[in-house]
Structures are given as structure tokens and as C-alpha cells.
Amino acid sequence: MAQPTTTVTPQSYLLARGRWHPLEIVFWLATLLPFVLFPNYLSLASQIAITALFALSLDLILGYAGIVSLGHAAFFGIGAYSAGLFSKYVWGEPFSGLLVAAALAGLLGYGTSFIISRFRHLPLIMITLGLGLLAHEVANSAHWLTGGSDGLQGVRTQPIFGVFRFDLYGQTAYAYSLGVLFIVFLCARRLINSPFGLALRGIRENWNRMPAIGADSRAHIRKAYTIAAIIAGICGALLTQTTNSASLESISFQRSADVLVMLVLGGAGRLYGGLVGAAIFMIARDQFSGIAPQFWYFWIGVLLVAVVMFLPNGILGGLAKITARWRRP
Amino acid sequence: MTTHSGGTPALSTRHLSKSFGSLVVARDIELNLPVGARYALIGPNGAGKTTLINLMTGMQTPNAGQILLGGEDITALEPQHRVRRGLARTFQINTLFAGLNPLEAVTLAVAERRGFAGKFWQNIADEKDAIEEAYEILVKLRLGDVCYQTTRELPYGRQRLLEIALALATKPKVLLLDEPAAGVPQDESGDIFEVVAGLSDDLTLLFIEHDMHVVFRFASHIIVMVGGAVFTEGSPAEIAADPGVREVYLGKRHHG
């Protein structure tokens with residue numbers, strides 16, 4: 001933590017905490033490298049950007065407010081299907097598709113937040129799991145609408161701004177996903193440095209103290225959950241638009257579990273934890289499944305156990321600890 | 001009833017009762033705290049002192065009876081709404097935001113009171129007045145020099161002071177202190193009570209404390225609880241002279 005000196009006023013201290021770190025600028029510049037270095041992997045890069053944003057949305061509720069969810073893919077799936085259906089039956093313009101997906105996912109998130117905010121710990125995990133399974137089965141059984149296990153076919157996404165077509169190499173897809181990721185990240189960053197962000201950290205740090213300082217934690221949680229659902233919906237829409245299809249996989253338990261693993265790997269409760277975790281997870285999956293497609297989860301398991309055992313705050317948490325020790329002589 | 005001058009009591013209870021099965025933890029408790037009072041709540045371990053604070057603040061629900069804050073019935077209100085009306089408490093066991101620093105924690109409490117803690121589209125650092133108010137509270141409680149240190153790294157005595165700072169940030173009319181110096185070495189507990197004694201005269205105080213020197217030094221009125229009921233109450237001199245209290249404390253040797 002910062003050293004208290006006489007020149008630091010409380011306000012300037014808080015202002016400094018919200019300032020951009022040079023490493024952050026390096027990080028975002030590095031996200032542009034795939035265009036130059038890995039032009040054949042831009043489709044993967046696009047998927048990573050989408051998944052990173054999904055992990056960020058889970059981080060808002062898990063890392064900041066301490067709400068563990070095993071059903072976050074429900075909102076991803078709602079976003080994926082609503083964007084797909086919107087482009088198929090109404091209009092293929094991508095940004096309006098994003099908005100529709102965000103609105104529907106947010107609506108569902110707001111509705112379920114009244115249940116979510118009443119529970120904690122194991123009951124909460126079970127409820128999120130149940131809601132996630134429920135959403136999956138609804139999508140599965142509504143074959144006439146979603147295509148069921150065949151997936152939603154016939155999605156046609158128009159060029160971005162009417163100019164940039166989604167090409168085979170994924171150049172437009174990655175630029176689009178990365179752009180949306182960056183904009184939503186800026187919003188999330190703003191939220192984290194806001195009074196509301198502080199209240200969420202308060203909930204995570206001590207649920208019992210919050211009412212004693214006059215805080216309505218349930219109202220805070222409803223708001224955070226709705227915002228997280230909106231972002232997850234945007235992620236689902238991005239995936240549909242960049243792949244021109246939506247499948248049951250987008251709303252599956254597997255996706256909920258994977259995103260939780262990514263967040264824990266990267267480090268929950270830090271804005272970049274989900275982003276780094278998603279990148280590691282997706283690249284590892286790509287590489288390991290090239291070696292032995294059936295067994296790649298073995299390596300994720302090894303990685304997960306190792307990280308949780310030795311770096312309880314994730315990879316970023318471990319790095320932060322190392323640099324802090326390094327600075328302190 | 002109280003011997004203090006008239007006017008509505010800052011906090012009172014009417015026939016307040018609570019039991020778990022056959023175990024009675026609060027039995028028909030009738031109390032009146034006049035505005036600006038400095039009340040001590042004493043009694044052996046298990047007398048129901050913390051339970052009484054939990055009932056008053058809404059952290060436990062009574063089986064019967066009422067709680068009145070400034071004459072208004074608050075029995076049905078949730079804890080956070082009681083806090084917003086001016087009833088704050090501290091905890092015997094530190095109940096702090098371990099990963100936040102004191103500045104963040106107290107600023108959060110101020111933000112909740114001022115009603116902007118739900119704002120997510122502006123930087124916390126732009127709330128200059130609230131931050132300054134939080135910092136003033138911290139300085140008043142001798143926490144100014146450690147306000148950027150993570151709470152879990154603070155010395156224990158400082159953490160006890162932060163307990164009080166968080167409660168003060170809610171601008172209470174009535175403050176209930178559950179053993180504010182619990183676990184603090186005896187030579188330091190005086191410091192904590194100096195801070196408590198220095199709080200505004202408008203603030204109505206009720207504190208639980210085991211150290212009789214501290215009680216007699218800082219309380220204007222003492223309530224003795226035994227077995228979930230009010231055993232007796234009176235001025236420090238009256239309590240000191242009460243043979244029944246002596247028996248509770250010295251004869252039965254329950255003292256914790």
C-alpha cells in the first residue's frame with residue numbers, strides 16, 4: 001500500500017488509486033499484437049476477447065461483491081440467442097443486436113437478482129446452478145426457436161458501420177470484440193473506482209458490517225448482478241455475431257464452470273484477473289487440445305490445483321505479492 | 001424510570017423479551033436512555049448484554065416488546081434502517097472491512113449515510129466533502145496516520161478505534177459500544193475510553209464494560225444485568241453501595 005506522507009491528502013490518495021498504471025497501457029497495446037504477430041489466430045483472439053469480457057462480468061459479482069455464481073452462462077446464452085434471433089428475423093446490424101441482447105439479459109438479471117440477493121454461501125451457489133440449468137433446458141426444448149441441439153442457423157450479421165465485413169481470417173471479428181471489450185472495460189473500471197465499487201468491496205470484505213453502517217447490501221447486490229448480466233449478454237451477442245451461429249454450448253453449465261475457473265486462475269477481485277485468466281485458459285485449451293484433444297482438461301485441472309494451492313489470489317495476485325516484496329527491501 | 005430531566009428518551013425499550021426455547025436471554029427489559037447520557041451496561045458473562053444490543057439494533061428479533069428511538073417505534077425496522085435513523089453500534093469482536101484501509105472504510109460509511117453509495121458513474125475521489133468528513137473522523141480517533149494502511153495490518157488497539165470510527169461515520173444519535181476496549185491491554189484501554197469520553201455531549205452512549213475502574217470513571221449511570229433481566233440500575237455511587245451487586249460480582253465469582 002501507499003506510504004502515508006504529509007503531502008498526500010486523502011482525496012489525492014484516492015484519486016491516485018484510480019489512475020492508469022503504465023502496465024495497463026502496455027497491456028492494452030499488447031492486445032493489438034495479434035493483428036501483426038498472429039494473423040492466422042485472429043478468430044481465437046476474438047474468442048479470447050469475448051471470454052475475457054465474460055470473465056470480467058463474473059468478476060464484478062464474484063471478485064468485488066463476493067457472490068459465487070455457477071449459472072452465469074444463462075445470461076451469456078440469452079445474449080447469444082437474442083442477438084442471433086434479432087439478426088435472423090429483424091435486422092442484422094451488429095450494434096443494435098448488442099443492445100437488444102444487453103437489454104434482455106439485463107432484464108432477466110434484474111428479475112433473478114431479487115432471488116439472488118436473498119441468499120448467501122452454498123444456497124446461493126445452488127440457486128445460481130439451478131437457474132443456469134433451467135435456462136439451458138429452456139433453450140434445449142424450445143427447438144422451434146433456438147434450433148435446440150442443432151444450434152441456431154441462418155444468422156446473418158451485417159458489416160460493422162456498413163463497411164467492415166466479417167472476414168474468414170477474423171480480422172473484423174477480433175477488432176470488433178476487442179473494441180467492445182475495451183469500452184466495457186472502461187465502464188467497469190469506472191464502476192470499480194466509484195462509491196458503488198467501494199460498497200461492493202465492503203460487501204465482499206464484511207457482509208455483517210454493512211447493515212451496521214446503514215448499507216442496504218441487497219440493493220447493492222441487485223444492481224451489481226443486473227450490471228453483470230448485461231455485460232454477459234453482450235458477450236453472448238458478440239460470440240453469435242462473430243461466428244454467425246448460436247449453440248446450446250453458449251448457455252451450458254460447462255461455460256459457467258469454465259469462466260469461474262478462468263477468474264480463479266487469473267485472480268478474482270482485480271480488473272485484469274479475468275482478462276489474464278481467460279487468455280491463459282483459452283490459449284492452453286488451444287495448445288493442449290492440439291496434443292491430446294480428449295484429455296486437455298487434465299492440464300487445466302493441474303493448473304487450477306497448482307494455482308489455488310500456491311497462489312490463492314490467482315496469478316495476478318501472486319505477481320502483485322512478488323512485486324510488493326521486491327519493492328520492500 | 002430515569003431520574004434525569006424530562007423529554008423523550010433517546011432510546012427506550014418496553015417489555016423487551018427474547019428466548020431460545022427454554023433459555024431466556026432477555027426478560028421483560030425496560031430501559032430509558034436520556035439524551036446525552038453516558039450509560040454503562042454491566043453484568044456477568046452470559047447476562048444478555050450483547051443480546052440486548054443485538055435486539056436494540058435489529059440484529060436479533062425479539063419475541064415480544066418494543067424498541068423506541070426518540071419516541072418512534074423501530075421494532076419492525078431492519079438494522080440498516082435503524083442505523084439511518086441514528087442508532088449505531090460497535091462490535092465486541094472486530095467486525096471490520098479487513099481488506100479496505102480505514103479511509104476507504106469510513107468514506108464508505110459516510111457515503112452510505114449521505115446516500116451516494118449506489119452511484120457507479122463517478123469517481124469516489126470526486127466526493128471531496130465526504131472524504132474530508134471521513135478523514136476528520138479518523139483524525140479525531142487518532143487514526144489519521146494509519147488511514148492508508150490495510151485494516152488487517154493495523155495494530156489491534158487501532159482496529160478497536162476503527163470500530164468506533166465506523167459507527168461515528170453514520171452520525172448516530174445513540175451509540176451502543178459493545179466492550180470497546182475488549183482484548184486491549186489494560187494500560188491502553190484508558191486511551192480508548194478517553195476517546196469515547198471526548199465524543200459530543202449530544203450523543204447518547206451505552207457501553208458494555210467489565211473493568212469496574214473504567215465503568216465508575218466514565219459512566220453517569222449504570223445498568224446491571226443478570227440472567228437476561230435488569231437486576232438494578234442507578235448512579236455509580238448507588239451501584240457501588242448495592243450489596244446485591246456486590247454479591248453478583250464478588251460472591252458468585254462470575255466475573256469475566
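Which residue stands opposite B:Leu87 in S7(B)? The partner is B:Val174. This is a predicted model. The briefing covers chain B: its two sheets, a helix pair, its domains and its side towards chain A.

**Six-stranded sheet**

- Six strands of chain B form an open sheet in the order S6-S7-S8-S3-S9-S10. The pairing is mixed.
- The edges are held by strand S6 (87–89) and strand S10 (229–234) of chain B. Each has a single partner strand, so one side of each lacks a neighbour in the sheet.
- On average, and ignoring direction, neighbouring strands of this sheet are turned by 20° against each other.
- At the S6 edge, S6(B) runs parallel to strand S7 (residues 174–178) of chain B. Three bridges join the two strands. B:Leu87 and B:Val174 face each other here.
- Helix H1 (residues 49–57) of chain B lies across strand S3 (38–42), S6, S7, strand S8 (204–208) and strand S9 (221–226) of chain B. H1 runs at about 150° to S7(B).

**Four-stranded sheet**

- A further open sheet in chain B has four strands, in the order S2-S1-S4-S5. Its pairing is antiparallel.
- Strand S2 (23–33) and strand S5 (72–73) of chain B are the edge strands. Each pairs with a single strand, so one side of each is left without a neighbour in the sheet.
- Two bridges link strand S4 (residues 64–69) of chain B to S5(B), in the antiparallel sense.
- In this pairing, B:Leu69 stands opposite B:Glu72 of S5(B).

**Helix pair H3–H4**

- Two packed helices are described by the angle between their axes and the distance between the axes.
- For H3(B) and H4(B), the axes come within 8 Å and cross at roughly 125°. The two helices are therefore oblique to each other.
- The crossing of H3(B) and H4(B) is right-handed.
- H3(B) contributes B:Pro102, B:Leu103, B:Val106, B:Thr107, B:Val110, B:Ala111 and B:Arg114 to the contact.
- H4(B) contributes B:Ala130, B:Ile131, B:Glu133, B:Ala134, B:Tyr135, B:Ile137 and B:Leu138.
- By class, the contact of H3(B) with H4(B) has 11 nonpolar, one polar and two charged residues.

**Domains of chain B**

- The domain assignment splits chain B into domain 1 (1–86 + 172–256) and domain 2 (94–171).
- Their C-alpha centres lie 26 Å apart.
- The contact between them takes 10 residues from domain 1 of chain B and 11 residues from domain 2 of chain B.
- On the domain 1 side, helix H6 (residues 186–197) of chain B gives the most, with three residues.
- That side of domain 1 of chain B divides into eight nonpolar residues, one polar and one charged.

**Side towards chain A**

- Chain B places 43 residues in contact with 32 residues of chain A.
- On the chain B side, the elements giving two or more residues are helix H2 (79–84), helix H3 (102–114) and helix H4 (128–140).
- H3(B) supplies the largest share of that side, eight residues.
- The side of chain B that touches chain A has 22 nonpolar, 11 polar and 10 charged residues.
- H3(B) and H4(B) thus appear in two settings: they contact each other, and both give residues to the side that touches chain A.

Conventions
Residues numbered from 1 in each chain as written. Chains lettered and ligands numbered in written order. Predicted model: local features only at pLDDT ≥ 70, side-chain atom pairs only at ≥ 80, totals over all residues. Contact = placed C-beta atoms within 7 Å. Nonpolar A, V, L, I, M, F, W, Y, C, P; charged D, E, K, R; others polar. Axes fitted to C-alpha atoms, helices over the stretch in contact; angles between N-to-C directions. Parallel < 35°, antiparallel > 145°, perpendicular 65-115°, else oblique. Left-handed = near helix turned anticlockwise from the far one by under 90°. Domains from an automatic or database assignment. Pairing = 2+ DSSP bridges.
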